[in-house]
Amino acid sequence: MIRTASAAGSRTGKVVHGTGRRIRRATAAEGAGESGLAKLIELHALNSFGDMLITIALASTIFFSVPTGEARGRVALYLLITMAPFALLAPVIGPLLDRLPHGRRAAMAMAMLARAVLAWTMAGVIVGGGIALYPEALGVLVASKAYGVVRSVVVPRLLPSRLSLVKANSRVTLAGLLATGVAAGVGGLLHLIGPGWPLRGAFLVFVIGTLMAFHLPPAVDSAKGEQRAVLHAEVHGEGSHLIHHKPPPVKASLRAVGPSVILALRAMSAMKWLVGFLVMFLAFLLREEPIGGLQPTVALGLVALAAGTGNALGSVLGSWLRTRGPEATVTAMLLVAACATGAAALWYGVVTVVLVAAVAGMAASLGKLALDALIQRDVPEAVRTSAFARSETLMQLSWVAGGAVGILLPLNGKLGLSIAAGVVGLVLLWTLRSLLRVGPRRHPAAPRVA
């Protein structure tokens, strides 16, 4: 028995070592290892792993453990509380990164450490699920979104010469999705031990992440020549084409990002709104009125699986996507999302609901990669950091707004999806009009970050 156990342990160790070696080889491919992007990919995977553990712990308390009416009230309160910090992220986080550009590694480490402390604190009060849980969950969410903003502005600093920004972001996102899938299984097993154990696991993960953040390359804290950006197509009547010329020596703290970026931001805001709406609306709808005679947990599992698969598919497609015509790409994704939502409203059922979840996940994922490509192409290096920070904040605000609408609407599938299709359809018309005015551009991408 001892020899058998020893042999089994040896085989397991070899499998783990081989798997780790293959993961390292994949993350370091195409120059990502030399540039330091591989370290950021691994850090983001760890971040997604920890966030998923906290999500599992909170979902079992805020959502599944109470009646539907009370759960809607709790989640509505949660979203209402989160609106305030999100409203502050745009005017605070962006300028803060501009003024403290040399502290990005420290900022990412602090976001990890804050969630580690909060996860450990929540583990002690998760059983009761009292009101004290909400400020702590709010702190976790704010720290998570702050990390997301910093991570978005760090990627261009670690971009290897053989990768475009689209492919780099796709690789980072895909690593996070894979880690989320693994964490879902681990979190479920930990929850069987006790409701606080996923949070204790998250504590350990974020402590490791805190240490990993300080091991990112020094280029992360480089900010030579950076300035601030505002999300407007033109400034003082000057066209966005002027932003590619050398900036004037006078105060240049406010810079235009160009009409193509505004087009993509508008379309992506609508898709993020749709994703937030579907998450909250379908979560309560399928719990109260399961479709196709399925059990609520089965129906929710199918929708979650479809959304995750669509998100992963969008990331995979993004790794193959060329940087040409990202305006058309983001508009096409909005069109597909509008059609899928309209079909789900007309023919409400298991197939269409699962389809709209998958399409929304894919459209939001691929659309975000196209938006990143536009920021790389149209926004000069001097203001790219601020543009990434502000666009990331806008995406999160849109998600929260969609989730709030999903909670407030009556639990009627056709009605809710019809309203969602109408909102996305209106933004689609607006985007098509802008696309006709802007036209697909193919001038060279903005210079890479040194």
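## Helices packed side by side

Helices α5 and α8 are roughly antiparallel to each other, because their axes cross at roughly 165° and an angle over 145 degrees counts as roughly antiparallel. Their axes come within 8 Å, and the crossing is left-handed. To find the two helices in the predicted model, look for α8 at residues 197-213 and α5 at residues 104-123.

Stepping back a little, what is the secondary structure of the protein made of? It comes to 14 helices and zero strands, so reading from the N terminus you meet α elements from start to finish. Of the protein's 450 residues, 53% count as buried.

Now back to α5, where there's a fair bit to see. How many salt bridges does the structure hold? There is one, and it joins Asp-51 to Arg-115, with the closest N and O atoms 3.0 Å apart. The pair ties together distant parts of the chain: Asp-51 belongs to helix α3 (residues 37-63), Arg-115 to helix α5, and their positions lie 64 residues apart in the numbering. Is Arg-115 buried or exposed? It is buried, because its relative accessible area is 0%. Asp-51 counts as buried too, at 18% relative accessibility, since the cut-off is under 20%.

Helix α5 also holds Val-117, which counts as partly exposed at 48% relative accessibility. Together with Met-110 and Leu-113, Val-117 forms a nonpolar patch on the surface, and the three share about 270 Å² of accessible area.

Another helix pair is worth a look: α9 (residues 259-288) and α11 (residues 326-346). They pack at an angle of about 25°, with axes 9 Å apart. That angle makes α9 roughly parallel to α11, and α9 passes α11 in a left-handed crossing.

Inside α9 sits Phe-277, which counts as buried because its relative accessibility is 0%. What separates the C-alpha atoms of Phe-277 and Ala-401? They are 7.9 Å apart, although the two residues are 124 residues apart along the chain.

Here are the residues discussed above, with their accessibility:

| Residue | Relative accessibility | Class |
|---|---|---|
| Asp-51 | 18% | buried |
| Arg-115 | 0% | buried |
| Val-117 | 48% | partly exposed |
| Phe-277 | 0% | buried |

So, to retrace the tour: α5 runs roughly antiparallel to α8, while α9 is roughly parallel to α11.

Technical notes: Residues numbered from 1 in each chain as written. Predicted model: local features only at pLDDT ≥ 70, side-chain atom pairs only at ≥ 80, totals over all residues. Heavy atoms only, no water. Patch = residues over 30% accessible without salt bridge, like charges linked within 9 Å, V, L, I, M, F, W, Y side chains within 5 Å. Areas by Shrake-Rupley, 256 points an atom, 1.4 Å probe, with all protein chains shown as cover. Salt bridge = Lys/Arg side-chain N within 4 Å of Asp/Glu carboxyl O. Helix = DSSP H or I, 4+ residues; strand = E, 2+ residues; numbered from the N terminus. Buried < 20%, exposed > 50% of the residue type's maximum accessible area, 1.4 Å probe, protein only. Axes fitted to C-alpha atoms, helices over the stretch in contact; angles between N-to-C directions. Parallel < 35°, antiparallel > 145°, perpendicular 65-115°, else oblique. Left-handed = near helix turned anticlockwise from the far one by under 90°.
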